[in-house]
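Trainee: I should like to take a close look at a single part of this model. Please treat it in one connected account.

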Amino acid sequence: MSHRRTSLRRLNRYLRHSDRILASWDAFTEFNTDLDGWPFDEDAYGRRAAVRDSDTAAAFTSIRTDARQLLATARLQLQHLPPRLVRDSWPGQLSILEEALRRLHALDEQWRQTMAQLPEGAGPGTGAYDNALDEHHAECWSYLDDWACHGRAILDIQAATRRAGPQPKRPQLPAVKSRHGGYRATRR
């Protein structure tokens with residue numbers, strides 16, 4: 001149970017952190033684009049977008065290994081919640097999160113292939129590596145943003161599960177009274 005709590009705390013931390021990253025990005029774009037949304041300086045805009053993408057990817061790292069389990073648990077909890085506690089949006093949000101996770105996994109596999117194709121000696125700090133990593137982060141960003149936008153559903157489902165209280169594993173049967181007033185006949 002403590003691993004689950006830790007995973008939920010990490011998810012909550014990711015949501016808060018991604019909110020701050022997005023707020024910073026929104027503030028940047030407000031002052032660095034014209035009224036139509038076109039950047040005043042495309043290079044500066046691109047560099048700042050790369051920072052947003054990289055920071056969001058780094059924040060997601062803390063929940064990446066637990067994301068699939070978080071989703072599976074939320075799906076299971078959702079099946080057992082009383083209908084009065086279920087929001088109509090939750091199944092769709094979980095589907096969005098599952099698809100985003102699937103896409104992120106595919107992009108990670110693509111990144112591993114890209115790294116294998118980089119020239120020898122191309123590592124962090126070299127143009128070839130950094131450009132490829134920026135491109136990878138840019139491709140991942142919308143799926144990471146899906147987690148930032150819809151990840152709260154997992155926390156909300158967990159909270160609803162706690163409010164619902166323990167669910168009996170078996171139907172409760174009424175207590176059966178003895179027919180013999182407490183006396184049990186024994187066989188000989």
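Trainee: Before that, is Cys 140 buried or exposed, and what is its relative accessible area? My request itself concerns helix α2: what are its length, its buried residues and its packing partners?

Mentor: This is a predicted model, in which local features need pLDDT of at least 70 and side-chain atom pairs count only at pLDDT 80 or more, whereas totals for chains, interfaces and linings use all residues. Residues are numbered from 1 along each chain as its sequence is written, and side-chain values use heavy atoms, with hydrogens and water left out.

Cys 140 is buried, at a relative accessible area of 3%; buried means under 20% relative accessible area, exposed over 50%, and partly exposed in between, with a 1.4 Å probe and protein chains only. Cys 149, by comparison, counts as partly exposed at 48%. The whole structure contains zero disulfides, a disulfide being a pair of cysteine sulfur atoms within 2.5 Å.

As a setting for α2, the protein has six helices and zero strands, where helices (H or I, at least four residues) and strands (E, at least two) are DSSP runs numbered from the N terminus. Of its 188 residues, 34% count as buried. Contact means heavy atoms within 4.5 Å, and among contacts with a separation of 6 or more, 74% join residues 24 or more positions apart.

Helix α2 covers residues 42-64. At 1.5 Å a residue, its 23 residues should span 33 Å, and the end C-alpha atoms are 32 Å apart, which agrees; the expected span is 1.5 Å times one less than the number of residues. At the start of the helix, a side-chain oxygen of Asp 41 comes to within 3.1 Å of the backbone nitrogen of Asp 43.

The buried residues of α2 are Arg 48, Ala 49, Ala 50, Arg 52, Asp 53, Thr 56, Ala 57, Ala 59, Phe 60 and Ile 63. An α-helix has 3.6 residues a turn, so residues three or four places apart point the same way. The buried set of α2 packs against α1 (2-32), α3 (67-80), α4 (90-117) and α5 (127-150).

The partner α1 can be described in the same terms. Its 31 residues should span 45 Å at 1.5 Å a residue, and the end C-alpha atoms, 44 Å apart, agree with that. Its buried residues include Tyr 14, Trp 25 and Phe 28, and what covers its buried residues includes α2, α3, α5 and α6 (152-164).

Two arginines of α2 are placed over aromatic rings. The charged end of Arg 48 sits over the ring of Phe 28, 5.8 Å from its centre, and Arg 52 lies over the face of Trp 25, at 4.5 Å from the ring centre. A charge sits over a ring if NZ of Lys or CZ of Arg is within 6 Å of the ring centre and within 35 degrees of the ring normal.

Arg 52 also leads to Asp 53, since a polar contact of 2.8 Å joins their side chains. A polar contact is a pair of N or O atoms within 3.5 Å; within protein, one must be able to donate a hydrogen and the other to accept it, and residues adjacent in sequence count only if both atoms are side-chain atoms. Asp 53 is buried, with a relative accessible area of 4%. Apart from its neighbours within four places in sequence, Asp 53 is in contact with His 137, Ala 138 and Trp 141.

The aromatic residue Phe 60 remains. The structure holds six aromatic pairs; rings of Phe, Tyr and Trp (its six-membered ring) pair if their centres lie within 6.5 Å, with planes under 30 degrees apart counted as stacked, over 60 as edge-to-face and the rest as tilted. Phe 60 and Trp 147 have ring centres 5.5 Å apart and planes at 65 degrees, so this pair is edge-to-face. It links distant parts of the chain, with Phe 60 in α2 and Trp 147 in α5, 87 residues apart. Both residues, Phe 60 and Trp 147, are buried. Ring pairs also bring in Tyr 14, which forms a cluster with Phe 60 and Trp 147.
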